[in-house]
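This briefing concerns a protein with a bound ligand. Please examine the sequence and the structure shown below before reading the points that follow.

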Amino acid sequence: MSARLLLLPGDGIGPEVMAEAERVLECLKTHHGLAVEWSFGLIGGAAIDAHNDPLPAETLEAAQAADATLLGAVGGPKWEAIERALRPERGLLRIRSEMGLYANLRPAMLFSELAAASSLRPELVADLDILIVRELTGGIYFGQPRGIREENGERVGYNTEVYSESEIERIARSAFEAARKRDRRVCSVDKANVLECSELWREVVTRVAADYPDCTLSHMYVDNAAMQLVRAPKQFDVVVTGNLFGDILSDIAAMLTGSIGMLPSASLNARGQGLYEPVHGSAPDIAGQGKANPLATILSLAMLLRHSLDRGDLAERVESAVGSVLASGLRTADLAGDQSKPVSTQAMGDAVVAQLQS
Ligand code: NAD
């Protein structure tokens, strides 16, 4: 049976980078026997223009019926004056929450050819390959009570860090399952020396680890984890953590890789469905100029193959095709620096497809 995918190009450079990912998909279907069908949908500004809604019902239905969804990017100056509830980014927030996407997987991979782009010394980051698994639908961003109240004649702001055992258990399982597709090492990050919520987190993650005897589990306080990520990032394989800590640590890890045009991400739900998307936005400053780097979207497709279609073999082929193209010296403008002449979005896609065919 063929897997069913939904492609949502979105706005700005979204359609440009998606076109290259679609060519990679076509190549996998034609040359590597991937059984897959796909259709397109509207989201973000493109959906506002057509339906006055950043997430039309038919897009949500199509995403719910698909095995996985690949998204380009949403947003842009054209829609910035619209009321907040109808903005393009609202479409993205809604699809995440409607689909219950609680596990956010953010890899930080650094192809050795790009090590010079990192803010760290090349030997610390060359061939870096870590995965941050962030809980996305709970914790302090959603906890009740929250608000600002009057107390003793002044205003007091408050939020609540809250995690139930079941929420911790399911994100821990996502992390161990992902680790099984990698080096089988999970580091759980918390603040158990100060927060009761973290104490429970640590206890539940430790309990879940017993179901994964083939994986090793370690624990680290979040302040130390932030330090270790910039001191010796290659010590990590999978890092699992809550919403707030994950928000911060995944951005630190992203910066280790130097370029936003290279970073894929995935968000998964309990039914194994995923939304895969580059970390970058719609880059209105370069949209329509053929300058966008399509590799983050192509690497998001590789994640889709691995995590939603269980085709780690094809994911590795795509990742190694990207590595070979970079090794051959090809660079889009965001990666080129002063040394090399940049190639277009399409030329980068051509090169990846050519590698996959060879
Ligand atoms: P951005 O990621 O779009 O761009 C930041 C900078 O990185 C720009 O200079 C851009 O040219 C560059 N860049 C981004 N992706 C690139 C790529 N693939 N290749 C080469 N260069 C790339 O962030 P922003 O400028 O803050 O936001 C622009 C719009 O995108 C806004 O409307 C914002 O709301 C939206 N946005 C959407 C998402 C998403 O769809 N997931 C994420 C972030 C921002």
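The points below address the ligand site and then one strand with its pairing partners.

The model is predicted. In it, the ligand is surrounded by 20 residues, and the protein buries 69% of the area that the ligand would expose alone. Elsewhere in this briefing, attention falls on strand β3, whose six residues are all buried, six of six.

**Ligand surroundings**

- Among the 20 residues around the ligand, the closest are Glu89, Gly281, Ala283, Asp285 and Asn293.
- The shell around the ligand comprises nine nonpolar, seven polar and four charged residues.

**Polar backbone contacts and burial of the ligand**

- A polar backbone atom of Gly281 is 2.7 Å from an oxygen atom of the ligand.
- A polar backbone atom of Ala283 is 2.8 Å from an oxygen atom of the ligand.
- A nitrogen atom of the ligand lies 2.9 Å from a backbone N or O atom of Asn293.
- The ligand taken alone exposes 810 Å², of which the protein buries 69%.

**Strand β3 and its partners**

- Strand β3 spans residues 68–73 and is mostly covered, with six of its six residues buried.
- Strand β1, residues 3–10, pairs with β3 in the parallel sense over five bridges.
- In this pairing, Leu8 stands opposite Leu71 in β3.
- Strand β12, residues 274–278, also pairs with β3 in the parallel sense, over three bridges.
- Tyr276 in β12 is the bridge partner of Leu70.
- In a regular strand, side chains alternate between the two faces of the sheet.

Note on methods
Residues are numbered from 1 along each chain as its sequence is written. This is a predicted model: local features need pLDDT of at least 70, side-chain atom pairs count only at pLDDT 80 or more; totals for chains, interfaces and linings use all residues. Side-chain values use heavy atoms; hydrogens and water are left out. A residue is near a molecule or strand if one of its heavy atoms lies within 4 Å of it. A polar contact is a pair of N or O atoms within 3.5 Å; within protein, one must be able to donate a hydrogen and the other to accept it, and residues adjacent in sequence count only if both atoms are side-chain atoms. Accessible areas come from the Shrake-Rupley method with a 1.4 Å probe; for residues, only the protein chains shown count as cover. Ala, Val, Leu, Ile, Met, Phe, Trp, Tyr, Cys and Pro count as nonpolar, Asp, Glu, Lys and Arg as charged, and the others, Gly among them, as polar. Buried means under 20% relative accessible area, exposed over 50%, partly exposed in between (1.4 Å probe, protein chains only). Helices (H or I, at least four residues) and strands (E, at least two) are DSSP runs, numbered from the N terminus. Two strands pair if DSSP finds at least two bridges between them.
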